[in-house]
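Me: I have a structure to read and I want the reasoning behind each label. Can we take it step by step?

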Amino acid sequence: MADDAGVAQILLVRAVEESDHDALPTRALGDAAVEAGELDDPLAWLGRRAAVLVTRMPAAYAALPAVLDRGARWGLRGAIALAAVLGVAVNYLGPSDRIHVVWNPILLLVAWNVVLYVALTIRWSWPRLARRRAIAAPASEPASR
């Protein structure tokens with residue numbers, strides 16, 4: 001029971017048992033423990049019990065591993081594509097015919113700081129601008145007669 005699907009089932013059942021106590025009735029938990037058989041190997045027993053409980057839990061929970069697996073595959077593909085693009089882009093930074101060991105990390109650090117300062121400035125100034133607009137809006141409207 002060392003395959004990924006079995007471990008995912010065990011973790012899913014544990015998460016459902018801990019977070020949503022009503023999703024798996026007590027009777028289903030007892031029946032799954034009996035159907036799992038003898039407790040010769042605890043990990044194998046947990047795997048058998050989880051396989052039984054996955055078939056008895058609500059469809060939203062049972063579909064979760066497939067959704068997460070699909071998302072993980074796309075996330076992995078995205079990370080590989082991003083690494084390839086950054087790898088090609090890094091070759092064009094700095095003097096030609098050389099890859100600077102110090103220049104690229106410093107450039108990345110400076111870019112990160114610039115992005116962070118811009119984000120913090122926007123976050124700090126946005127409520128103040130909204131407050132000024134709210135105060136100035138009634139004064140700029142013409143008085144109705």
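Reply: What follows is a set of short questions and answers on this predicted model.

Me: What makes up the fold, helices or strands?
Reply: The protein has six helices and zero strands. From the N terminus on, the elements run α-α-α-α-α-α.

Me: How do you know how confident the predictor is?
Reply: Look at pLDDT, which runs from 0 to 100. The protein averages 80, and 87% of the residues score at least 70. Among the elements, H3 has the highest mean, 87, and helix H5 (residues 64–91) has the lowest, 79.

Me: Why is Arg 49 called buried?
Reply: Its relative accessibility is 13%. Buried means under 20%. Therefore Arg 49 counts as buried.

Me: What is the partner of Arg 49 in a salt bridge?
Reply: The partner is Glu 17, and the side chains meet at 2.4 Å, N to O. The pair links distant parts of the chain: Arg 49 is in helix H3, Glu 17 is in helix H1, and they are 32 residues apart.

Me: What makes that a salt bridge?
Reply: The limit is 4 Å between a side-chain nitrogen of Lys or Arg and a carboxyl oxygen of Asp or Glu. Arg 49 and Glu 17 are at 2.4 Å, so the pair qualifies. The structure holds five salt bridges.

Me: Is Glu 17 buried, partly exposed or exposed?
Reply: Glu 17 has 25% relative accessibility. Buried needs under 20% and exposed needs over 50%. The value falls in between, so Glu 17 counts as partly exposed.

Me: Which parts does the salt bridge of Glu 35 and Arg 56 tie together?
Reply: Their side chains meet at 2.5 Å, N to O. Glu 35 lies in helix H2 (residues 26–35) and Arg 56 in helix H3, so the pair ties together parts 21 residues apart in sequence. Glu 35 has a relative accessible area of 48%, under the 50% mark, so it is partly exposed. Arg 56, with 33%, is partly exposed too.

Me: Why is Asp 40 called exposed?
Reply: Its relative accessibility is 61%. Exposed means over 50%, so the label fits Asp 40. The side chain of Asp 40 meets that of Arg 48 in a salt bridge, at 3.6 Å, N to O. Arg 48 has a relative accessible area of 32% and is partly exposed.

Me: What makes a group of residues a nonpolar core?
Reply: The members must be buried and joined through side-chain atoms within 4.5 Å. The largest nonpolar core here has twelve residues, including Ile 10, Val 16, Ala 23, Val 52 and Met 57. Helix H1 (4–19) and helix H3 (42–56) are the elements that give two or more residues to this core.

Me: Which residues does Ala 23 touch beyond its neighbours in sequence?
Reply: Leaving out residues up to four places away, Ala 23 touches Val 16, Pro 58 and Tyr 61.

Me: Why can Ile 122 be in a surface patch?
Reply: Patch residues need over 30% relative accessible area. Ile 122 has 46%, so it clears that cut-off and counts as partly exposed. Ile 122 lies in helix H6 (residues 103–140). The nonpolar patch also includes Val 102, Val 114 and Trp 126, and its residues together have about 680 Å² of accessible area.

Me: How much of the protein is buried?
Reply: Buried residues make up 14% of the 145 residues. The accessible surface comes to about 11600 Å², and 67% of that belongs to carbon and sulfur atoms.

Conventions. Residues numbered from 1 in each chain as written. Heavy atoms only, no water. Buried < 20%, exposed > 50% of the residue type's maximum accessible area, 1.4 Å probe, protein only. Helix = DSSP H or I, 4+ residues; strand = E, 2+ residues; numbered from the N terminus. Contact = heavy atoms within 4.5 Å. Patch = residues over 30% accessible without salt bridge, like charges linked within 9 Å, V, L, I, M, F, W, Y side chains within 5 Å. Areas by Shrake-Rupley, 256 points an atom, 1.4 Å probe, with all protein chains shown as cover. pLDDT = per-residue confidence, 0-100.
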